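Open the model in your viewer and keep the selection tool at hand. We will go from stop to stop, choosing a few residues each time and looking at what is there.

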Amino acid sequence: MREPTFMILTALAGEPLHGYGLITEVARLSDGRVSLRPGTLYGALDRLVDAGLVAVEREEVVDGRLRRYYRLAEGGADLLAAETERMRRNVAAATARLKTRTHRGAPRLSGGTA
Amino acid sequence: MSDLERRYLRLVKLFYPDGYRNERGTEIVDTYLALATPDRRWPSPADVVDLAGGGLRQRLRPVGATGIRSGARLAGTLALSTTTALAGSGAVLETNPATTPWFGFAQQGPLFSLGVGLWAAWLLAAVVHVVAPGRWTRLAIGSALVLTVAVIPLAAVTGLFRPPVFVLLPQACLGLVALGVPSRPALWLRLPPLAGAAAAASVSAAVLYGGGNEFPGYYGWPAGQVLPGAGVTLLLVTLLIAVGLALRDDFRGAWALLLLLGPIGMLTLRPLAAEIAVGLYGGGPNPTWTTLAAAALVVAVAAFILVALALAARHRFAFTRAAVERCAECGSPTGGDANR
């Protein structure tokens, strides 16, 4: 799963959001690294809806303008959980290896041969 | 309705298909307006690119061509390598002592041909791809692409020599495909454009400085052999990659081949135009604008028909998977078929 998709699903895991809310939430969650534009966002949302990962929650009219809210569907929650678990295992493996490397590479202050 | 809203709506109307525009057009524009600063009057160039990309994806969706994105990255690398190889060859050709008198070097000093700057721009793109892939590479390719098109009016205004149209047109077509280069490629994938340029320049220098060619201008062996040869090489390399990937159930190569068909055809523009000239008026030493335009039209129509047939065949016979099996972002099937 690519990062923008992961961030969209993560943003929707909190609460249903409309397009603008999703863009700002993804930017906030990623510390500004992932900056979605509307053309890209709605293309991704269409595919996520087609795939049954995201669903339209409701539509509202605010100041004469239509707002469509999206929510994480059951399939999307399962996929996000599986992807998060996969990433967690990768992080754990990398962290363990880095720790081993640090210990091995640390200078020995005592106990060497005379 | 504000001017900005009207302009966004105009862009949506321009890029998106009718049905989708009616369903989603205002939602997209409203989101743009919500993101815009109060003083904004015009959509930014990045907005235009975003809407153009979004519109293209929506147009490709019905024919099941959304997996084309992964193929575009592969095609981009192959196209960039070809453009820079041609640039390496062209740069040697234009700076060769046997060739420069023909370009008017003796009369006009160092700026004897716009081709020197043009090939330098493409070579720069190869270097940028190694040191700063992604955005900077696309900027370098875009600049070289603009220059490739601009040399025609520039040459008309300045009176300086420029590479002929049958060289510029395939370069521009390949350059368009090259814009699809991956943003964060591995180091070994950043090197082919620069390596291709160096190899082509070395071979060209060996041939040109070795003597034996009485007329090494663009209309000599580059027109008849080098450009079509580059086309055949690109075709064979793409086919080999496509077959190799297809054996692993990865169809990126097939998409790349479809994207490269047009540019590969354009590399045969000169001999094709010569054939058309023979048919029209018995032939001549060099192709005219009319025969070149006719040849380009033949190539474009043939490439379009081949791509349309391939998409129709794919849509009808294969790869009809349940939506849930597809990658949520690029539309391509997931699991073992991630790159279809």
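Select Arg58(A) first: this residue is partly exposed, with a relative accessible area of 34%. Here buried means under 20% relative accessible area, exposed over 50%, and partly exposed in between (1.4 Å probe, protein chains only). Now add Glu60(A), which is partly exposed too, at 27% relative accessibility. The two side chains meet in a salt bridge, 3.0 Å from N to O. The term stands for a side-chain nitrogen of Lys or Arg within 4 Å of a carboxyl oxygen of Asp or Glu. Side chains of opposite charge can pair when their charged atoms come close.

A word on what you are viewing: this is a predicted model, where local features need pLDDT of at least 70 and side-chain atom pairs count only at pLDDT 80 or more, while totals for chains, interfaces and linings use all residues. Residues are numbered from 1 along each chain as its sequence is written, chains are lettered from A and ligands numbered from 1 in the order in which they are written, and side-chain values use heavy atoms, with hydrogens and water left out.

**Next stop: a bridge between chains**

Select Asp46(A) and Arg24(B), whose side chains form a salt bridge of 2.5 Å, N to O. Asp46(A) sits in helix H3 (residues 38-50) of chain A and Arg24(B) in helix H2 (residues 18-35) of chain B, so this pair joins two chains. Helices (H or I, at least four residues) and strands (E, at least two) are DSSP runs, numbered from the N terminus. Are these partners buried or exposed? Asp46(A) is buried at 7% relative accessibility, and Arg24(B) is buried with a relative accessible area of 4%.

Now add Glu27(B) and Arg68(A), which meet in a salt bridge at 2.7 Å, N to O. For a wider picture, select Asp46(A), Glu59(A), Arg68(A), Arg24(B) and Glu27(B) together: salt bridges that share partners join them into one network.

**Then the whole interface**

Show the contact (heavy atoms within 4.5 Å) between the chains: 29 residues come from chain B and 23 residues from chain A. How many salt bridges cross the interface of chain B and chain A? There are five. On the side of chain B that touches chain A, H2(B) gives the largest share, eleven residues.

**Into helix H2 of chain A**

Select residues 19-29 of chain A, which make up helix H2; Gly19(A), Gly21(A), Leu22(A), Ile23(A) and Val26(A) are buried there. Turn the view to see what covers these buried residues: the cover includes helix H1 (3-14), H3 and strand S2 (65-72) of chain A, together with H2 of chain B. After H2(A) comes Asp31(A), where phi is positive, near 55 degrees.

**Last stop: along chain B**

Select residues 139-159 of chain B, one of the spans that an unreviewed UniProt entry annotates as "transmembrane region". UniProt positions are given in the numbering used here, feature names are shortened, and annotations may be inferred rather than shown by experiment. The end C-alpha atoms of residues 139-159 lie 28 Å apart, and the span is 95% helix and 0% strand. Then pick residues 293-313 of chain B, another span with that annotation; its end C-alpha atoms lie 30 Å apart, and this span is 100% helix and 0% strand.
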